[in-house]
Amino acid sequence: MVYLPPPHLASPTRPSYGEAYANILATHRRSPLTSAASVIILVAPDVDALCAARMLADLLKQDDVMYRVIPVAGHAQLESTRDELAKYADLHTLILLNMGAILDLPEWFGDFDPQLTVHVIDSSRPQNLSSLFGGGESGDRIVIWDDGGAETMGEERRAWEILTYEPEPDSDEELDLDDDEEEEEPEDEYEEGSSTGKRRSLGEGDRLSKKKRKTDRPQHTSKEERERLAARLERHYMSGTSYAQSASGTIYLLATVLERVDAELLWLAILGLTYQYTTSRISRENYDKYHSIYHDEVARLHPPPPASDYDYKAQNPDDRAVFSTDEFRFMLFRHWNLYDALYHSSYVAGRLGIWKERGKKRLTGLLAKMGFSVIETQQSYSHMAKDLKLALKTKLDQIAPEYGLLELSYPSFARSCGYISQPVSAGDAVEAISALLEVAGGVKIDVEVEGARNGGEWFGGEKAWDAGGREGAPRKDEDKENALLSGVGGDVGNAAAVKDDDGEEVRAELEWWVRNFWTAFDALNDIFLMHRALPLAMALHRAIIRQGTSIIDKQDIKTFHGHRVVVLTQGPDLVLFSHPGVLSRLALWLIEAVRGRLNPTTASSSRARRKSLPFIVACLNEKTGTYIVVGVTAAPDFDDVRKNEFGLAFLDAKEKCNARTRHGSFDTSVIEINKDDLKVFLETMCEGGDR
């Protein structure tokens, strides 16, 4: 068995997370002179993986285990990193966070030293069955930290084992078995001591034993059955991408088994879960399942807040308590102003049609009906009157349903910041960390200067965002153990960097996302850096609603064969949306906007079908001469999630039209296409029908 069940399914004969972690410690302590290169953690650039890396790093640090964290942007760089790691003689533990689940890892790492153990903690699905159920010398070195899903894959496991290990009916092995039975007839001899001279065949006993062996031999699977099993495996791999237990949630379970849970680890696990939910990776049903677990953990570690959730008072300057709260679907309102938070929310924008003048009037009417004046809603939330803060949730619950805002809040968590600022909700923290990962570097983005708001968004004071301090500067030599491996990542740069023979251009292209990774990594436990990132997240939302409003006003959404397609070729934010993460957020905003404007109570099947059409959004990268293309599936109902089949559809379209493409990330629904090939690629893509 090469996958680890969660702790609640473990037994003395079935090890779980705790035993795997103990093996890592034991291996490291058996060779105490090894360097930090003996334990290496490869981390995907997303919030969940980032939180899991920070949690795992804290646990290893407590056990005096040297380690190295390496950010990896995509499969191309993972392959380069693997080749570089093959040279590390001291390497005995390799941990993959949110990567590797779909790869045939026994084959990938088959040439490594037998002492190496590869641990895979990946929330993406489907998983590669060879890694999950394979054995042998290579398979036993791959350890999958499963969330219990493998327990329900009995049919897939049986199909894989039969097709992998059982020879086909017309194979050479089958023919050899038949040849052994077709031996020449044995000679006869007289039984000794027989007065009647009765003859006994020498082969009589052999024939009986062969008959028995033939009866006992397992029946080979028929050709029709093998075809059925092959179809079952194809459905497993072709069903589309989905997400299960977060990587940070897996590490939190490990900390629970080790009895090392604290507020910091709990908060990071909550951020990983919130990231999955706010980016539509998991449904509300799955979110509620994990939320109830963390809710009990919060109650166990922290007493409930004495005041209202929306007017929490820190108990002391160093108060970092985590508390449960109902979070609104308009983000960052504690650090913004109420009007802008509502205006830039995809949920509110979609249901009020905020891109039209009528929608803006409806928003103003909603606030007026609640008793909030324009001046009050456009001043900083921290300066609003206390009675308005306390009445906010009650009035929204009473009045918002009249405007179609039926699900304006969801259960979540927040964390006190002491006397520094307002509490930071899990949703706001995820927005800040995501903004750092995506646009902290690599693109210039202006943020609003606090106190210069009176001129409005277009005329208020703005300045270019900078992280400042150590995070904004290049990392020093003392941090080189967490730097990129030498010679790794040549394929991670954009297409222009790949075409150009100048190595300096490749290194410059790599610099922005690596620096973004470490800035976001530091912000997880640096409250000042996280607060500096909040204006960056606000600026990002302004850009998204500017672009989304422009797309809808100009009617740039085209429908082709069951797909909605948007192609961005110009605009002030074109460079910003050439980043895949930002483009994906724009696609999600467009889905909410289109879904919100269709009457959710209609019984028309055609209307329901229109609500669930998938989106393809492409943005021109003028520097590289390519398009970044993102595919996002749309569920007909809010808070529901469908599997994303665009990864497979993109590959299929590429093979049919021979387009020049490149996958630069672990998200298979993001692809980079040569500028001249986009039209034929989209035509081929849309001919495939619904996704």
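Phe646 and Phe650 are four residues apart in helix α28 (residues 646-657), so about one helical turn separates them. This is a predicted model, and that pair of rings is a good way into it. From there, the briefing moves to other aromatic and charged side chains, then to a small sheet, and ends at a buried serine.

**Aromatic rings**

- Across the model, the count comes to 21 aromatic pairs.
- Among them is the pair of Phe646 and Phe650, which is tilted, with 5.6 Å from centre to centre and 40° between the planes.
- Phe646 has a relative accessibility of 0% and counts as buried.
- Its partner Phe650 is buried too, also with a relative accessible area of 0%.
- Elsewhere, Phe328, Phe330, Phe333 and Tyr381 come together in one aromatic cluster.

**Charges over rings**

- Arg329 places its charged end over the ring of Tyr347, 5.8 Å from the ring's centre.
- Arg351 lies over the face of Phe638, and here the distance to the ring centre is 5.1 Å.

**The sheet β11-β12-β13**

- Three strands make up an open sheet in the order β11-β12-β13, and their pairing is antiparallel.
- β11 and β13 are the edge strands, each pairing on one side only.
- Strand β11 (residues 322-328) is joined to β12 by seven bridges.
- On the other side, β12 pairs with strand β13 (residues 424-425) over two bridges, again in the antiparallel sense.
- Arg415 of β12 is a handy landmark: it is the bridge partner of Val322, and it also stands opposite Val424 in β13.
- Next to that, Ala414 stands opposite Ser425 in β13.
- Strand β12 (residues 409-415) is mostly covered, with six of its seven residues buried.
- Helix α13 (residues 284-301) lies across β11 and β12, and runs at about 35° to β12.

**Ser246 and its surroundings**

- You will find Ser246 in the loop between β10 (242-243) and α11 (247-257).
- Is this loop residue, Ser246, buried or exposed? Its relative accessible area is 4%, so Ser246 is buried, as the cut-off for that label is under 20%.
- The side chain of Ser246 makes a polar contact of 3.3 Å with the side chain of Ser248.
- Leaving aside neighbours within four places in sequence, Ser246 is in contact with Asp48, Ser123, Gly272, Leu273 and Gln276.

Terms used: Residues are numbered from 1 along each chain as its sequence is written. This is a predicted model: local features need pLDDT of at least 70, side-chain atom pairs count only at pLDDT 80 or more; totals for chains, interfaces and linings use all residues. Side-chain values use heavy atoms; hydrogens and water are left out. Buried means under 20% relative accessible area, exposed over 50%, partly exposed in between (1.4 Å probe, protein chains only). Two strands pair if DSSP finds at least two bridges between them. A polar contact is a pair of N or O atoms within 3.5 Å; within protein, one must be able to donate a hydrogen and the other to accept it, and residues adjacent in sequence count only if both atoms are side-chain atoms. Contact means heavy atoms within 4.5 Å. Axes are lines fitted to C-alpha atoms, for helices over the stretch in contact, and angles run from 0 to 180 degrees between N-to-C directions. Rings of Phe, Tyr and Trp (its six-membered ring) pair if their centres lie within 6.5 Å; planes under 30 degrees apart count as stacked, over 60 as edge-to-face and the rest as tilted. A charge sits over a ring if NZ of Lys or CZ of Arg is within 6 Å of the ring centre and within 35 degrees of the ring normal.
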